[in-house]
Amino acid sequence: MAQEDLFKKLVAHCKEYGYVFQSSEIYDGLSAVYDYGQYGVELKNNIKKYWWDSMILLHENVVGIDSAIFMHPTIWKASGHVDAFNDPLIDNKDSKKRYRADVLIEEQLAKIEEKINKEVDKARKRFGEAFDEAQFRATNARVLENQEKWEELHSRFSKALNDSNLEELRQIIVDQEIVCPISGTRNWTEVRQFNLMFSTDMGSTADGAMKIFLRPETAQGIFVNYLNVQKTGRMKIPFGIAQIGKAFRNEIVARQFIFRMREFEQMEMQFFVEPGTELEWFRHWKEIRMKWHQALGFGSENYRFHEHEKLAHYANAAVDVEYRFPFGFKEVEGIHSRTDFDLSQHEQYSGKKLRYFDPEKNESYVPYVVETSIGVDRMFLQVVAASYHEEEVVGANGEKDIRTVLRIPPALAPVKLAVLPLVKKDGQPEKARAIIDSLKFDFNCQYDEKDSIGKRYRRQDAIGTPFCITIDHQTETDNTVTIRYRDTMEQERIPVEKIREIVAERVSMKNLFRRLQ
Ligand code: GAP
């Protein structure tokens, strides 16, 4: 299936099965804002738990906080967001559509990369086992020509970004003959900077309302509380503070479903270290975070690191963890060595000392910070995209059928167990309810008695429920049930008393955490 079609199906599936809804849908929706449905919220909570526990339980020197969304406006001046949290935007005069100039150029680079990959794929098919990809890439004329084009464009683009040269960004768009996807024309405006922060007023006008910002990242809530936590928790450097919370950005190009939203959620951890040790800790966290992603079992080939071409002015190292989405490799998480920029700025703007006193060295310093920052919603999209499968299966009547299954890792699955009476009589519904009553404090269970058993299995596959328990006539005589495994569709007869043990063993997050050690 073409990746584009797959993505469309995924979006439709998320809606049809109660994972994600367009916000304010009955009012025609609000662009780039989404609501999570009854299964979506469970998956989201499980993702957050996986992240939170991996930070807080597995690291004795990482603690959590929950800071307010509203913060003093000077925080955003100090952090640089008021002056520099901008995207370069360009409008097409014919369609009146607005684009990010850097995204248009990145898409152009991706197109060239795609051309190269197509040549390689064609040759692989032609030569079969004997194909030497490295040699082909080094010698094929068309590949070399496109590679040269890519490198030329890439270096020109990087330079323009580094120099914040808006005229040059526009010139690249013109020279590359990039057209507006809506109007098909090259009738572009100048490139301008556009601040991404939302603002609102706090207090009534009579009192003198204050313009405050909706936080565009959760990190600043950690920075301004760093000393509170260090002192009250008697934390010794190195230590980390983790937080999960909403963030808001007035994104210009808000596309690809929940990949880029205007209201989203972040899971961020700031790790405070001694100056001079930050790059070592940066490498350490880079490794830990990649392990966290790969522990989910979606295939290590689907992840890569992407080193930043342009470092933010406060960073001395930065890398993204990218996942292969149906629309290509894209950032899921950023790991940044932020130096002492944020704490020093807050010292300067607040006039309060934010130093750490090292009792062993008998000296105080402003700590350096290594940050890990991942979007909950992007992680959600990664899980759903990796889990969505359409498989050809043979039905009970021997006919071929397609089953849609979400192979969500059991520890993250919204519903762990469905209990299904084969028929709605003979005491089977009561038995099913009794089983749920005995398990509902351990797992999220679901009862379903409507439609044929085959249809009910399919419904649970589509939701991603890893286990279905079926009550049948035999249950009454020997207190056994069948357990059906989502991924293999195998069924096994087990005593009712075994259900808890079998399910608990497989849905436990401990299985994931063990892989992180
Ligand atoms: N504190 C650092 C920071 O905010 P970032 O690279 O701008 O860094 C970190 O964002 C992560 O937050 C991204 O890797 C992504 O997963 C998520 N994120 C950022 N903007 C987003 C948006 N508009 N919609 C959804 N997720 C977003």
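1. A friendly place to start is Ile 105, which is buried, with a relative accessible area of 0%. Please keep in mind throughout that this is a predicted model. Ile 105 belongs to helix H5. Leaving out residues up to four places away in sequence, Ile 105 touches Leu 153, Phe 157, Leu 169, Ile 172, Ile 173 and Ile 178. To get a feel for distances, compare Ile 105 with Tyr 27: the two are 78 residues apart in sequence, and their C-alpha atoms are 34 Å apart in space.

2. Now for the overall layout. The protein chain is divided into domain 1 (3-72 + 210-384), domain 2 (86-195) and domain 3 (403-514). Between the C-alpha centres of domain 1 and domain 2 there are 28 Å. Where these two domains are in contact, domain 1 provides eight residues and domain 2 provides 13 residues.

3. Helix H5 also takes part in the next feature, a cavity. The structure holds one cavity of 30 Å³ or more, and about 50 Å³ of space lies in the largest cavity. Its lining is made by Tyr 99, Arg 100, Val 103, Leu 104, Glu 107, Pro 181, Val 253 and Arg 255. By type, the lining divides into five nonpolar, no polar and three charged residues.

4. Which element gives the most to that lining? The answer is H5, with three residues. Strand E5 (98-100) and helix H5 (101-127) each supply at least two residues of the lining.

5. Just past H5, have a look at Glu 129, in the loop between H5 and helix H6 (133-139). Is Glu 129 buried or exposed? At 87% relative accessibility, Glu 129 counts as exposed, because the cut-off for exposed is over 50%. From Glu 129 to Glu 190 there are 61 residues in sequence and 51 Å in space, C-alpha to C-alpha.

6. The largest nonpolar core deserves some time. Of its 65 residues, Tyr 19 and Tyr 50 touch the most other members. The largest share of this core, eight residues, comes from helix H13 (residues 376-387). Where does the core lie with respect to the domains? Domain 1 (3-72 + 210-384) and domain 3 (403-514) both give residues to this core, so it lies between them.

7. Tyr 19 is a good residue to click on. Not counting residues up to four places away in sequence, Tyr 19 touches Cys 14, Asp 35, Tyr 36, Gly 37, Tyr 39, Gly 40, Leu 43, Phe 380, Leu 406, Ile 408, Pro 414 and Ile 463. Apart from the largest core lies another core, of 21 residues, including Phe 443, Val 481, Ile 483 and Tyr 485.

8. Val 481 comes up again beside Thr 475. Not counting neighbours within four places in sequence, Thr 475 is in contact with Lys 431, Thr 470, Thr 480, Val 481 and Arg 493. Thr 475 has its place in helix H16 (residues 473-478). With 4% relative accessibility, Thr 475 counts as buried, because the cut-off for buried is under 20%. Thr 475 and Gln 243 are 232 residues apart in sequence, with 47 Å between their C-alpha atoms in space.

9. Some backbone details are worth checking as well. Ser 24 has a phi near 55°, a positive value in a residue other than glycine. You will find Ser 24 in the loop between strand E1 (20-22) and strand E2 (34-36). Its relative accessibility is 33%, so Ser 24 counts as partly exposed.

10. Arg 234 is another residue with a positive phi, about 45°, although it is not a glycine. Arg 234 sits in the loop between H10 and E9. With a relative accessible area of 73%, Arg 234 is exposed.

11. One more stop in this loop: which peptide bond is cis, with omega near 5°? It is the peptide bond from Ile 237 to Pro 238. Pro 238 is in the loop between helix H10 (226-232) and strand E9 (239-248).

Note on methods
Residues numbered from 1 in each chain as written. Predicted model: local features only at pLDDT ≥ 70, side-chain atom pairs only at ≥ 80, totals over all residues. Heavy atoms only, no water. 1 Å grid on protein atoms, 1.4 Å probe; cavity = no way out; pocket = protein on both sides within 12 Å on 5 of 7 lines; lining within 4 Å. Points joined across faces, edges and corners; volume = space filled by probe spheres on them. Helix = DSSP H or I, 4+ residues; strand = E, 2+ residues; numbered from the N terminus. Nonpolar A, V, L, I, M, F, W, Y, C, P; charged D, E, K, R; others polar. Core = buried A, V, L, I, M, F, W, Y, C linked by side-chain atoms within 4.5 Å. Buried < 20%, exposed > 50% of the residue type's maximum accessible area, 1.4 Å probe, protein only. Domains from an automatic or database assignment. Contact = heavy atoms within 4.5 Å.
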